[in-house]
Structures are given as structure tokens and as C-alpha cells.
Amino acid sequence: MSKTLAVPGTYPTIADALEVASDGAVIVLAPGTYTERLDLSGRRITVRAAGDAGSAVIDATGLDSPALSLSAGEVTVEGLALTSGDYPAVAASGGRLRLRSCHLSAGYGAGLQAVDGATVEATEVKVLRGQHGLVFSDAGGTVDSCDIRNTTDDGIIVRLGADPAIRNTTVADCGHRGIYVYQSGRPTIERCDVSGTADAGIVVMHRSSPQILHTWVHDTSGVGISFGPGCGGVVEQCRVEKTAEPRVDVDPAANPVVSLDEGAAPKAGVGVSESKGNNQNEADVERLLGELDSMIGLAGVKSEVRALIDEIQVNEWRRTAGLSVGSASHHLIYTGAPGTGKTTVARIYGQLLKALGVLPNGEFREVSRRDLVGQYIGHTAEKTTSAFEAAMGGVLFIDEAYTLARAGGAAADFGQEAIDTLVKLMEDHRDNVAVIVAGYTTEMADFLDANSGLASRFAKTLEFENYGPDELVMIAGRIARTDDYIFAPGLSDALHEYFSQLERDRNFGNAREARKLLEGMRKAQSGRLRGLGRMPSREDLCTLVLDDLLIAIR
């Protein structure tokens, strides 16, 4: 029979009761506020409120720790109100935790944070405030009949392969997204109500595959449900209404199966907005141009791409009006140093051509010399044709294309064979593929001289200039924010000074330099935090400082 320990009563504090509690014990808390923290790691125990839900308050606001923490064991907590400051109200990093009829509140932290293989069963739990409501990271369990409201940022986060089942739960009035699934998250979201978000209702990113079933997403400032590139999963019999358009936004490189409740809204709202004209999707065109505009720098490139899109669109209108339209090539040359966004712009360009009805699918295929050039006579034409045919309907992107024209023995002859094959294929299939060749400016001139008909196959040359110090600082900041890092005061100025001193020769990597530097700074931060002699705070974990930069550039 389980032993019951009463607090206060037999034991004046929870800590006193925990000190003597054996496995299977039940600690019962009378109504009131307890300025304590519950470290239940490795325990098999139950802690419950004697009165109504929320009547016993564990207040760890000033204790620099979660109100309840668990790293192993099996714990049940019933009817408590758990409050923390800048830490999660409840933090589980392993073990099994059952939360029933609890109220969670946090400052700069989550109501519940489950990580590192923890299993959490949350039933009728209310998150009253916090930066996030529930966070599952490489963890699982069930969330049933819960209520998450008034979070500063996201209501629920599921990441790093986490796979909780979230059912019959309300997520409302969040400062950012309702539910954010990323980094291969695989939750089941069933019969939930998501509303009142300052951004999208449900966002799926980074190769995640949720099951979103019979869920109502409504009254959101952003789109209802959004799937990013590489994501899959299912949206089945969901109602999505009173959201931004499109109600369900599916990236062309995503492949979820989407089925909405047809009684709630017209079918045209799924995936993409309704097309107009001759297979043109104006909403997708504007979205993709917005994505292009959001890239840092590249003013000249953006202007050139917009000019190309304007010409294609006007030609389509002329064709619809019965007016003559000249033939146009969609093949392009990209010149400039590495790390200037050439591959990203090529992907967007392909999707723009698809949205304009020019290409069937807009898919992107990147190849290099080794994918086109064979090892014996006749092999190259076969390889080049195969790569070209695989890109039909989309974009064939040939990086460092000038390597095909390099002199030097038999390899040069085979490279020339690849160029000659491409020239013919580009003309024969000009309406079914867009070929983009990229490389250093000077070397690309040599490439175009390798075949007398090659230059005429391309519509335009886009020059990608090196990023300046201001732009590199912006790129570094964007990469850092994506990975949940922030810069300490003064670090941006130091980065600007560092980038200003870098020599911009042909080996300069542009955005790659910023990414490489941040990787070094993160490693420096790891060493610095390991040497603190204490558990770093959330702010410590997020913040990169000047010393991290100095170590990274040594």
C-alpha cells in the first residue's frame, strides 16, 4: 500500500517529505503557496494537491530553476500550479512524467519542456503564460484535453524527431505561431483548435511529417497551415478558415497529402491560390518574388529577374489577346564569386517559371562536370543527355560550368563533347527546360567561347556581386536567429570590422564566410559555457559574445 505524506502537517515542507519518501509514496499538498522547487529526478512518486486544481502553488519564480524537474524515474503530478521565472515551469529530460489537471506559468521559458527521450503524458493541463507553451525535443508522449494560451511566442513546439500525440487541445492567442513542427518532427495533431495567432496557425519545416487530423485552424494573422520544403505528412478533414491566404500553403518542394473539410471553405484554398489565365498562378508568383526580395543584397540580380518575369507575364497576356509573341529563351548565365546566392536564386527562378505556366514542374537539378563528362568516347554524350532529360520540366543548374571547357588532353575533348551536346539539347527543348550555367566571371567568358552557338542560347547574364560588410553582418544575424542565437551588444560592430578587413579575392566565400565564422563562434561558446562551473542559463545558451568571435578568428 502506498504511503501518504501530508504537507504541511506531518512534514513542514515538500523537501522534508521528499527526503523520507520511498518509491510509490504519495505526497499530498494542502492549498497554499510553496516557495520551493521539486527535483524529482530518479524518483517513483506521486505529488498531488489536496484541494481543487491549482490550489497548491509551487512558486520557483526567484529560485533560478524550473518549478519541477525530472531527468529519470516515473513521476505523477496532479492538480498543482507550477510557476517559474526564466526557466520552464516543468522540465523533463528523460524519464516518464504524468501531469494531470495542472496549471503552468513561466516567464522567459516554456510551460513544459520535454527533451532527450522523456515521455510526458499531459492531461487537462493549462498553460497560462510563458514564452512557449509546450516544447517537445527528441521526446514523446501524449497531450490530451489541454489548453495553451497567451504565450509570448509559439504555443507548441515539436522538433528533433519528437513524436507526441496532441489531441483535443486548444492553442489560442499566441504571440507567434500556434504549433511549430521542425527538424524532422513527427507529431499527431488530432481534434485540436488553433486560433488567434499573430502568425500562422501550424507551421511545418525542416523535413517534418506531422499527421494533422480533424483539426480546426481559424482566425490567424498568418496562413492557416504551412509546409516548407522537404516536408510531408497528412492534413485530413481539417477546417481552415478566417486565415491569411492561402489557407494551406504548401511549398513546391513539399509533398503532404491535404484534404480539407469541404463544408468550411472552397477547395481552391488548398496548397496554392486559385490560378488565373493560362495556367498562371499569380499568388505564387508574388510569393516567390517576395521570397527573392527577402534575400539580403543582390539588388541588380533581383531587378534582372523581375524584368524577366515581367516580360514572360506580358507575353502570356499578349498571347491570350491574340497578339504576336516572339520566341524567348529561359536559359541564363550566372557569374560571380561563390556564396552569393546563385543556387538559391536559380531555385526561385525555376519555381517562378512553373507559376507562370512556362515550365511543367519547376524542379531543380544541380550538376557539375563529373555528372556530364564520361571516361571514353561516346560516354559523355550519353551522360549529358541523361542529366538533361532528368531535368526536363524544370531547371538544370550547372555549377562551375567553365570546367567543361578547360584545356588539357583527353579530358578537355570529352568536356567539349558535353558542351556541344548541351548546345543542341538547349535549342531542341527550349520550352521544356531552363539551363542555368554558373561560375567565376572571367572563366565563364572562356566557357562561352568553347562553341560558336553557345552564347546565343542564353537570354541574359546575371552578375552576382560580392557582399559588403553590412550585408555580411545581416546574413550572419539571420543565420544566428534561425539557429536560436542572439548577438551580445557590440558584437555586430565587431563583425562589421572583421568583414571589412577581409580580402575579397577569388577565394572569398561571401555568405559561406559568415556561416563558417558562426560555426567557429558556436564552438568557442561551447568551450566558454563548459568552463562556467554551473549550468548555463537560457540566455547564456542563446548569446554569442565578443570573446567567441575573437577565439573563432584566431
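**Entry 1. Asp-293 and its partner**

I looked up Asp-293 and found it partly exposed, with a relative accessible area of 37%. I am working from a predicted model. The side chain of Asp-293 meets that of Arg-306 in a salt bridge, at 2.7 Å from N to O. Asp-293 belongs to helix H2 (residues 282-293) and Arg-306 to helix H3 (residues 299-320), so the pair ties together parts that are 13 residues apart in sequence. I then checked the accessibility of Arg-306, which is partly exposed at 31%.

**Entry 2. Other salt bridges**

I searched the whole structure and got 17 salt bridges. One of them joins the side chains of Asp-147 and Arg-149, again listed at 2.7 Å, N to O. Arg-149 has a relative accessible area of 32% and is partly exposed. I also noted Arg-534, whose salt bridge with Asp-540 has its closest N and O atoms 3.1 Å apart. For Arg-534 the relative accessibility is 46%, which I enter as partly exposed. Glu-74, Arg-96, Arg-98 and Glu-121 form one network, joined by salt bridges that share partners.

**Entry 3. Cysteines**

How many disulfides does the count come to? I got 0. I looked at Cys-146, which is in no disulfide; its nearest cysteine sulfur belongs to Cys-192 and is 9.4 Å away. A pair would have to lie within 2.5 Å to qualify. Cys-146 is buried, at 4% relative accessibility. Cys-238 is likewise in no disulfide, and for Cys-238 the nearest cysteine sulfur is that of Cys-192, at 9.5 Å. I have Cys-238 down as buried, with a relative accessible area of 1%.

**Entry 4. The parallel sheet**

I traced an open sheet of 5 strands, in the order E34-E35-E36-E33-E37, with parallel pairing. Which strands are at the edges? They are E34 and strand E37 (460-464), each of which pairs on one side only. I took the average turn between neighbouring strands of this sheet, direction ignored, and it is 20°.

**Entry 5. Strand E35**

I went through strand E35 (residues 395-399) and its pairing. Is this strand mostly covered or mostly open? I find E35 mostly covered, with 4 of its 5 residues buried. Strand E34 (residues 364-367) runs parallel to E35 and is joined to it by 4 bridges. Within that pairing, I see Glu-366 opposite Phe-397 of E35. With strand E36 (residues 434-439), E35 pairs in the parallel sense over 5 bridges. Here Leu-396 has Val-435 of E36 as its bridge partner. Phe-397 stands opposite Ile-436 in E36, and Glu-366 also stands opposite Phe-397.

**Entry 6. Helices on the sheet**

I followed H3 from the first entry to the sheet. H3 packs there, touching strand E33 (332-336) and E37, and its direction makes about 155° with that of E37. I next looked at helix H4 (residues 342-355), which lies across E33, E34, E35, E36 and E37. H4 runs at about 160° to E33.

**Entry 7. Ala-455**

I placed Ala-455 in the loop between helix H8 (441-448) and E37. Ala-455 is partly exposed, at 41% relative accessibility. I compared its position with that of Ile-333: the two are 122 residues apart in sequence, and their C-alpha atoms are 9.2 Å apart in space.

**Entry 8. Confidence**

I looked up pLDDT last. The protein chain averages 87, and 93% of the residues score at least 70. Over residues 264-278 pLDDT stays under 50, and there the model has 31 contacts beyond four places in sequence. Residues 407-412 also stay under 50, with 5 contacts beyond four places in sequence. Where pLDDT is low, the predicted coordinates should not be read in detail. I therefore leave the contacts of both stretches uninterpreted.

Note on methods. Residues are numbered from 1 along each chain as its sequence is written. This is a predicted model: local features need pLDDT of at least 70, side-chain atom pairs count only at pLDDT 80 or more; totals for chains, interfaces and linings use all residues. Side-chain values use heavy atoms; hydrogens and water are left out. Buried means under 20% relative accessible area, exposed over 50%, partly exposed in between (1.4 Å probe, protein chains only). Helices (H or I, at least four residues) and strands (E, at least two) are DSSP runs, numbered from the N terminus. Two strands pair if DSSP finds at least two bridges between them. A salt bridge is a side-chain nitrogen of Lys or Arg within 4 Å of a carboxyl oxygen of Asp or Glu. Axes are lines fitted to C-alpha atoms, for helices over the stretch in contact, and angles run from 0 to 180 degrees between N-to-C directions. Contact means heavy atoms within 4.5 Å. pLDDT is the predictor's confidence in each residue, from 0 to 100.
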